[in-house]
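Thank you for coming, everyone. I would like to walk you through a few places in this structure slowly, and please have the sequence and the model open while I talk.

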Amino acid sequence: MNNQIQALLDSVEQVIVGKRPVITRVVAALLCNGHVLIEDVPGVGKTQLAAALSRSLGGSFNRIQLTPDIMPSDVVGFSMVNQQTGELEYRPGAAMCNFLLADEINRASPKVQSSLLEVMEEYQISLDGETRPLPRPFMVLATQNPVETYGTYHLPEAQMDRFFMRISMGYPTPEEELRILERTEHCNPIANIKAPAVSLETILQLQEQVGEVAVADSVKAYILAIASATRSMEEITLGVSPRGSIALYKAAKANAFIFERNYVTPGDVKAMAECVLAHRIILSAKGKTTFGTSQACLAAVLERVAVPMG
């Protein structure tokens, strides 16, 4: 594994116990300038993961608890008149940071959810005729509870498609939960991270290096075959968009880079396919009956699509 990535993972694991694959996927999304939707029940470490990643990189971190009465200005900021100069001054919103935790995003109103679209897609804020770039790197980590849906607003497919990947933390094992109890006995585990393990400037350099990872034509065709298969199955109403194909292409390169390879293998594609593509498809009635979940459906797609050899 890349030494700098290893140092970053080790730093985050001072807070998060037993979730190395999940942390690795989040780092892969960061290397691809992507945003992550963390879908899981309360109390499994979603907020701690975002805070630990930010602290391990020395980046600015903002958290906004999204509720129906949150306004778009709380996210992107607002302008107000300076009483002394008589001029408009911009007051930054929660999005003006390196890492934004949008907690319970599905509880925000559609207007607030739409305010995140430009932030996530363009990495900028447009307000009062002026465009303000966001700090780089910039990453949105949004959370939602998949079980409790009372008082929530369904995320539109266009916004779901803008999340680079969707992950789930999952419950810890009894041994892992024992370690969590011991870590939280005297202080917040975030305090274990004394200094950044990797600088933000290094992450920007690593992002450029990920772009240089080679992808053979056969692997590109494999990615396109997976996306095409989701568009032609009667079990799927909405297949993977070209944005999804691009995301899988980038994620496979990031996975190869993390494990110190300068080329992508079909294994990299399969390793990242579920977290990158599953949230981008909608099952038909037959698909729900046959597979139950989009993850199971995607697993079936990967079984059907021939893997390139050589």
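Let me begin just past helix α2, which is followed by Asn33, a residue whose phi is positive, near 60 degrees. Please keep in mind that what we are looking at is a predicted model. For those of you who are new to backbone angles, most residues other than glycine have a negative phi, and most peptide bonds are trans.

Now let us step back into the helix itself. Helix α2 covers residues 20-31, and because an ideal helix advances 1.5 Å a residue, its 12 residues should span 16 Å, which agrees with the 16 Å that separate its end C-alpha atoms. How many of the 12 residues of α2 are buried? Nine of them are, so the helix is mostly covered, and the buried ones are Val22, Ile23, Thr24, Val26, Val27, Ala28, Ala29, Leu30 and Leu31.

One partner of this helix is α10, which covers residues 242-258. Two packed helices are described by the angle between their axes and the distance between the axes. For α2 and α10, the axes come within 9 Å and cross at roughly 115 degrees, and the two helices are therefore roughly perpendicular to each other. Their crossing is right-handed, and if you want to find the meeting place on your screen, look for Thr24, Ala28 and Leu31 in α2, which meet Ala254, Phe257 and Ile258 in α10.

While we are on α10, I would like to point out Ser245, which is found in that helix and which is buried, with a relative accessible area of 9%. Leaving aside its neighbours within four places in sequence, Ser245 is in contact with Ile223, Leu224, Ala227, Arg231 and Val240.

Several of those names bring us to the next helix. Helix α9 runs over residues 217-232, and its 16 residues reach 22 Å from the first C-alpha to the last, close to the 22 Å expected at 1.5 Å a residue. Which residues of α9 are buried? They are Val219, Tyr222, Ile223, Ile226, Ala227, Ala229 and Thr230, and they cover an arc of only 155 degrees around the axis, which puts them on the same side of α9. It may help to recall that an α-helix has 3.6 residues a turn, so residues three or four places apart point the same way. The face of α9 turned away from that buried side carries the exposed residues Asp217, Leu224 and Ser232.

What do the buried residues of α9 pack against? They pack against β10 (236-238), α10, α11 (266-277) and α13 (294-304). Taking α11 from that list, its axis and the axis of α9 come within 11 Å and cross at roughly 30 degrees, and these two helices are therefore roughly parallel to each other. The crossing of α9 and α11 is right-handed, and the contact is made by Val219, Tyr222, Ile223 and Ile226 of α9 together with Pro266, Val269, Lys270 and Leu277 of α11.

Let me return to the backbone for a moment. Tyr123 has a positive phi of about 55 degrees although it is not a glycine, and it lies in the loop between α5 (110-122) and β6 (124-127). Glu260 also departs from the usual sign, with a positive phi of about 60 degrees although it is not a glycine, and it is found in the loop between α10 and α11. Is each of these residues buried or exposed? Tyr123 counts as buried at 14% relative accessibility, whereas Glu260 is exposed, with a relative accessible area of 53%. Then there is the peptide bond from Arg136 to Pro137, which is cis, with omega near -5 degrees; Pro137 is found in the loop between β7 (130-133) and β8 (139-144).

My last stop is Ile282, which has its place in strand β11 (residues 282-283) and is partly exposed, with a relative accessible area of 32%. Its C-alpha atom and that of Val240 are separated by 9.1 Å, although the two residues are 42 residues apart along the chain. Leaving aside its neighbours within four places in sequence, Ile282 is in contact with Glu157, Ile236, Thr237 and Leu238. I will stop there, and I am happy to go back to any of these places with you.

Terms used. Residues numbered from 1 in each chain as written. Predicted model: local features only at pLDDT ≥ 70, side-chain atom pairs only at ≥ 80, totals over all residues. Heavy atoms only, no water. Helix = DSSP H or I, 4+ residues; strand = E, 2+ residues; numbered from the N terminus. Expected span 1.5 Å × (residues − 1). Buried < 20%, exposed > 50% of the residue type's maximum accessible area, 1.4 Å probe, protein only. Arc of directions from axis to C-beta. Contact = heavy atoms within 4.5 Å. Axes fitted to C-alpha atoms, helices over the stretch in contact; angles between N-to-C directions. Parallel < 35°, antiparallel > 145°, perpendicular 65-115°, else oblique. Left-handed = near helix turned anticlockwise from the far one by under 90°.
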